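Me: I'm new to this one and would like a close look at a single part. Could you walk me through the sheets and what packs on them, and then the surroundings of the ligand?

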Amino acid sequence: MQQGDDTYILSLDQGTTSSRAIVFNRTGNIMGNRQKPFTQIFPKPGWVEHDPMEIWKTQLESAREAIELAQITPRQIAAIGISNQRETTILWEKATGKPVYNAIVWQCRRSTAICEELTALGFEDFFRERTGLVIDPYFSGTKLVWLFDEVPELKTRAERGELLFGTVDSWLIYNLTGRHATDATNASRTLLFNIHTGRWDEDILNLLHIPPCVLPEVLPSSHVFGNTKKEIFGIEIPVAGAAGDQQASLFGHACFEPGSAKNTYGTGCFTLLNTGKVPIVSRHNLVTTIAWDLGDGGFTYALEGSVFIAGAVIQWLRDQLGIIADAAESEALARSVPDTGGVFIVPAFVGMGAPYWDADMRGTMVGITRGTSRAHIVRAALESIAYQSNDLLEAMVKDYGKPISFIKADGGASANSFLMQFQADILNRPVILPEVNEITALGAAYLAGLKVGYWESLEEIAKNWRRKREFEPDMPASKRDVLLEKWKKAIESAVVFK
Ligand code: ADP
């Protein structure tokens, strides 16, 4: 363990479109940051794959370059933490470590038929009770079933114990240390893991015909998974933390207390609420997931909901409608009008996620008049992000049964102060922005640093959390009620139109 002030934590943030590595210091500041994009493979409509070797290569290169940029040596890295795109499914050879198929990415819908069959057979409650999840191609389990069904040779080889399965954390841990392991948060996204017992669920494995020998060992999120092989950085460095990206972000925001929540405003939005040591099974179509396991006895759980189209509606304004030149321009345009002039946009481009879960809904724009301008449309698009997030939070409050007093925000679109203020107004709760926007990577660094004593306690980490800005709600209740009523009508009109 290195305790001098010249030591750092290296965080690997393996995302859907790029692999990033960030070197953090003790106060959580960024010393070096490197990002490498990699190839998106679309073999058919609705299918998405990545090359696992390219994931590993770009991750390793960005790690080495981030260390260089920070002007430090690997010896000064006290530990490595990993945060990763979740659910993405990789299968590789035990003997050689070579992938036997491309990574099937979380977005990939190829296992839709398998999910429909399981749903038709009435397994929805069974999966929800055991795994906290809904039956959807999004989660890893049915991706693995697809591989075994469609490539029978893989199934035979898996049964002979020749193949290993893992999500991206597991793939990186394996390549870094040689150990076949995953952390509990990633396991909780597979549809195979029992979030109550903390074990792979035997009944589910039997139902889906998955040989247990392919599965990784499930370890805490803050845990020494192993040391890096010497040839990687020239010395051995402990890999001491791992968590799925959204859970890492909740941790990075220091949402340690039950009732604390964060929303990440990226392409979509991901809201997670820490519900403490007891899992809450959602009655409002949210999913229950493991927030983290600090190895101190018992999981911390979260309720999670996602908005499919958030920042993506701004991309649509830019790329499809051509009414803005870049995303940042949306802020000044939205502010150039006092309101949307009665316009509401429901960006149900790919159906709606929680709490509606309606795959067939399509987008609508209602309330337009002769006076509707580009500024009104841009403002309505930004406001739609806030309304959808509010819907999620309302569902969470109902499931949780206790108040949620504020939310912490991060992600690309959280740079838009108009949006953040409108979000605070509509939620009627403060929205707080952290100083460090790379909160996901920071969360993984915290998990690793906590394990090796780089940070002593959650209290110390919480003290490290610094706010950049807080947006206070500033809208009369009467106005908010009218707007929310109209938003509901806009949603109804999208439902009617489908
Ligand atoms: P992801 O991690 O999902 O790729 P990011 O966190 O990088 O997303 O955020 C990118 C998204 O944020 C894009 O959809 C973009 O349209 C949106 N975005 C970026 N800046 C702004 C802004 N100033 N106002 C509104 N949306 C923005």
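Reply: Here is a walk through the two sheets, with the ligand's surroundings at the end. Keep in mind that this is a predicted model.

Let's begin with the sheet made of 6 strands. It's an open sheet, its strands come in the order 3-2-1-5-14-13, and the pairing is mixed. At its edges you'll find strand 3 (30-37) and strand 13 (222-227); each has a single partner strand, so one side of each is left without a neighbour in the sheet. Going from one strand to the next, the twist averages 25 degrees.

What holds such strands side by side? Strands of a sheet pair through backbone hydrogen bonds, and they can do this parallel or antiparallel. For an antiparallel case, look at strand 1 (residues 8-14) and strand 2 (residues 18-24), which are joined by 6 bridges. If you want one spot to zoom in on, find Ser11, which stands opposite Ile22 in strand 2.

Now for the helices on this sheet. Helix 1 (residues 52-69) lies across strand 1, strand 2, strand 3 and strand 5 (77-84), and it runs at about 150 degrees to strand 3. Helix 10 (residues 245-252) packs on the sheet too, where it touches strand 5 and strand 14 (238-244). The direction of helix 10 makes about 105 degrees with that of strand 14.

Hold on to helix 10, as it leads us to the other sheet. Helix 10 also lies across strand 15 (261-265), strand 16 (269-276), strand 17, strand 18 (300-307) and strand 21, running at about 55 degrees to strand 17. Those strands belong to an open sheet of 7 strands, ordered 17-18-16-15-21-22-23, again with mixed pairing. Strand 17 (287-292) and strand 23 (467-471) are the edge strands here, and each pairs on one side only. The twist in this sheet averages 30 degrees from one strand to the next.

For a parallel pair, try strand 21 (residues 407-410) and strand 22 (residues 431-434), with 2 bridges between them. Lys408 has Ile432 of strand 22 as its bridge partner.

Last stop: the ligand. There are 14 residues around it, and Thr267, Gly311, Gln315, Gly412 and Asn416 come nearest. The shell splits into 6 nonpolar and 8 polar residues, with no charged ones. Helix 11 (residues 311-321) gives the most to this shell, with 4 residues.

Some polar contacts are easy to look up. An N or O atom in the side chain of Thr267 is 2.6 Å from an oxygen atom of the ligand. At Asn416, a polar side-chain atom lies 3.0 Å from a nitrogen atom of the ligand. Ala312 uses its backbone instead: an N or O atom there lies 3.5 Å from an oxygen atom of the ligand. On its own the ligand has 580 Å² of accessible area, and the protein covers 67% of that.

Definitions and conventions. Residues numbered from 1 in each chain as written. Predicted model: local features only at pLDDT ≥ 70, side-chain atom pairs only at ≥ 80, totals over all residues. Heavy atoms only, no water. Near = heavy atom within 4 Å. Polar contact = N/O pair within 3.5 Å; in protein donor to acceptor, adjacent residues only side chain to side chain. Areas by Shrake-Rupley, 256 points an atom, 1.4 Å probe, with all protein chains shown as cover. Nonpolar A, V, L, I, M, F, W, Y, C, P; charged D, E, K, R; others polar. Pairing = 2+ DSSP bridges. Axes fitted to C-alpha atoms, helices over the stretch in contact; angles between N-to-C directions. Contact = heavy atoms within 4.5 Å.
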